[in-house]
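This report describes the predicted model shown below. It proceeds from individual residues to the chain as a whole and then to the packing of aromatic rings.

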Amino acid sequence: MALAACGSDAPEPVETEIVDVPAAADAPEGVSLTDAQVRMPAVSGRPGVAYFTIASETPRTIVAASVLGAGRSEIHETNMVDGKMTMAPVESIELQPGEALNFQPGGYHVMLFDMDATIAPGGSADVTITFEDGDKASIQAPVTGAGGMDHSAMEDMN
């Protein structure tokens, strides 16, 4: 009788698809950090850049951003001044509740200085955002070559 319970009437295991969606694993409640990417500089030795999208259900102030493997990180904003594009560091950014803020080319972005060899196209890098109250949100960001291309697959091309 005990063997009857082990019969073939058990349901077959269902195969599930694992979807890898980079999202902040350790963000404070109500904070969303998504769509992160780190871009390498076009010229070795120049700064790289990090982009992402962040939103909060409550007012929050971003005071810093860092990337593991970068010697220094600065939040910058690009603006048009007297008909010329300028870029300058910012000390803080106010997040408005329910409004996503895109760090992207031509707007806010994180400049990455003194990047070490651990940051390379085809790999990933930890991006961490620090808020005024000391809370932090981190996300794994894919690393791409200059212009957003992943050059790691091009090694065998002639």
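## Residues with positive phi

Asp114 has its place in strand 8 (residues 108-115); strands (E, at least two residues) and helices (H or I, at least four) are DSSP runs, numbered from the N terminus. The phi of Asp114 is near 55°, a positive value in a residue other than glycine. Most residues other than glycine have a negative phi. With a relative accessibility of 64%, Asp114 counts as exposed; the term exposed applies over 50% relative accessible area, buried applies under 20%, and partly exposed covers the range in between (1.4 Å probe, protein chains only).

Asp35 belongs to strand 1 (residues 31-39), and its phi, near 50°, is likewise a positive value in a non-glycine residue. Asp35 is exposed, its relative accessible area being 57%.

The model is predicted, and local features are taken from residues with pLDDT of at least 70, side-chain atom pairs only at pLDDT 80 or more, whereas totals for chains, interfaces and linings use all residues. Residues are numbered from 1 along each chain as its sequence is written, and side-chain values use heavy atoms, with hydrogens and water left out.

## The chain as a whole

The protein chain has 10 strands and 0 helices, so that its pattern along the sequence reads β-β-β-β-β-β-β-β-β-β. Of its 158 residues, 32% count as buried. Contact here means heavy atoms within 4.5 Å. Among contacts in the protein chain with a separation of 6 or more, 67% are between residues 24 or more positions apart. The accessible surface of the chain is about 10,100 Å², and 52% of this area belongs to carbon and sulfur atoms; the areas come from the Shrake-Rupley method with a 1.4 Å probe, and for residues only the protein chains shown count as cover.

Confidence is expressed as pLDDT, the predictor's confidence in each residue, from 0 to 100. The mean pLDDT of the protein chain is 82, with 77% of residues at 70 or more. Residues 1-8 have a pLDDT below 50, and this stretch has 0 contacts beyond near neighbours in sequence. Residues 149-158 also stay under 50, and here the model has 11 contacts beyond four places in sequence. Where pLDDT is low, the predicted coordinates should not be read in detail.

## The hairpin of strands 4 and 5

Strand 4 (residues 70-81) and strand 5 run antiparallel and are joined by 6 bridges; two strands pair if DSSP finds at least two bridges between them. One of the bridge partnerships links Met80 with Met85 in strand 5. The two strands form a hairpin with 2 residues between them, and Asp82 in the turn has a positive phi of about 50°. Strand 5 (residues 84-89) lies largely in the open, because the number of buried residues among its 6 is 0.

## Buried polar side chains

Thr61 is found in strand 3 (residues 60-67) and is buried, with a relative accessible area of 8%. Beyond its neighbours within four places in sequence, Thr61 is in contact with Ser92, Ile93, Glu94, Thr130, Phe131 and Glu132. Ser138, in strand 10 (residues 136-144), is buried as well, at 17% relative accessible area. Each of these two residues makes a side-chain polar contact, listed below. A polar contact is a pair of N or O atoms within 3.5 Å; within protein, one must be able to donate a hydrogen and the other to accept it, and residues adjacent in sequence count only if both atoms are side-chain atoms.

| Side chain | Partner side chain | Distance |
|---|---|---|
| Thr61 | Glu94 | 2.9 Å |
| Ser138 | Thr128 | 2.7 Å |

## Aromatic packing

The structure holds 2 aromatic pairs. Rings of Phe, Tyr and Trp (its six-membered ring) pair if their centres lie within 6.5 Å; planes under 30 degrees apart count as stacked, over 60 as edge-to-face and the rest as tilted. Phe52 and Phe103 form a stacked pair, at 4.1 Å centre to centre and 20° between the planes. This pair links distant parts of the chain, with Phe52 in strand 2 (residues 48-56) and Phe103 in strand 7 (residues 101-103), 51 residues apart. Phe52 is buried at 1% relative accessibility, and Phe103 is buried at 3%. The pair of Phe103 and Tyr108 is tilted, because the ring centres lie 5.7 Å apart with the planes at 35°. Phe52, Phe103 and Tyr108 form one aromatic cluster.
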